[in-house]
Amino acid sequence: MQRANAIVDRLTEFIGCSFLEKDDGELTADTPLLELNILDSASLFDVVDFVRNEWRVHIPANEIHPGNFASISQLDHLINRLLQHEASK
């Protein structure tokens, strides 16, 4: 399993470059992505696709909800949980 910081760093880079006009370094693991409209319903699926390609993990439809995408920290938790689940199979 990857270090949590590596996942957070990669998600921060992807979200900052993809969904912010300029990455001024203010995006943190706890930035409220949905509350600040950094992510919207359409961009959630771009993030799901990125996660699938980057970590080879499938996010089931029942896991695609605001709680899991509220912040990079929440996404990190979801990815690690799914990676652990895959590793235990």
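Two rings of Phe, Tyr or Trp count as an aromatic pair if their centres lie within 6.5 Å. With that in hand, let's explore this predicted model.

**Exercise 1.** Work out how the rings of Phe14 and Phe19 are arranged.

*Solution.* Start with the total: there are three aromatic pairs in the structure. Phe14 and Phe19 make one of them, with 5.8 Å from centre to centre and 85 degrees between the planes. Planes over 60 degrees apart count as edge-to-face, and the Phe14–Phe19 pair is edge-to-face.

**Exercise 2.** Decide whether Phe14 and Phe19 are buried or partly exposed.

*Solution.* Buried means under 20% relative accessible area. Phe14 has 16%, so Phe14 is buried. Phe19 has 21% and therefore counts as partly exposed.

**Exercise 3.** Do the same for Phe50 and Trp55, beginning with their rings.

*Solution.* The ring centres of Phe50 and Trp55 are 5.7 Å apart and the planes meet at 90 degrees, so this pair is edge-to-face. Phe50, at 10% relative accessibility, is buried; Trp55, at 7%, is buried as well. Now put the residues together: Phe14, Phe19, Phe50 and Trp55 belong to one aromatic cluster.

**Exercise 4.** Find which residues have the most contacts inside the largest nonpolar core, and follow one of them outward.

*Solution.* The core has 24 residues, and Leu11, Ile15, Leu33, Val51 and Trp55 have the most contacts inside it. At least two core residues come from each of helix H1 (4–19), helix H2 (41–55) and helix H4 (72–87). Finally, take Val51: beyond its neighbours within four places in sequence, Val51 is in contact with Leu11, Arg56, Val57, Ile59 and Ile79.

Key. Residues are numbered from 1 along each chain as its sequence is written. This is a predicted model: local features need pLDDT of at least 70, side-chain atom pairs count only at pLDDT 80 or more; totals for chains, interfaces and linings use all residues. Side-chain values use heavy atoms; hydrogens and water are left out. Rings of Phe, Tyr and Trp (its six-membered ring) pair if their centres lie within 6.5 Å; planes under 30 degrees apart count as stacked, over 60 as edge-to-face and the rest as tilted. Buried means under 20% relative accessible area, exposed over 50%, partly exposed in between (1.4 Å probe, protein chains only). A nonpolar core is a set of buried Ala, Val, Leu, Ile, Met, Phe, Trp, Tyr and Cys residues joined through side-chain atoms within 4.5 Å. Helices (H or I, at least four residues) and strands (E, at least two) are DSSP runs, numbered from the N terminus. Contact means heavy atoms within 4.5 Å.
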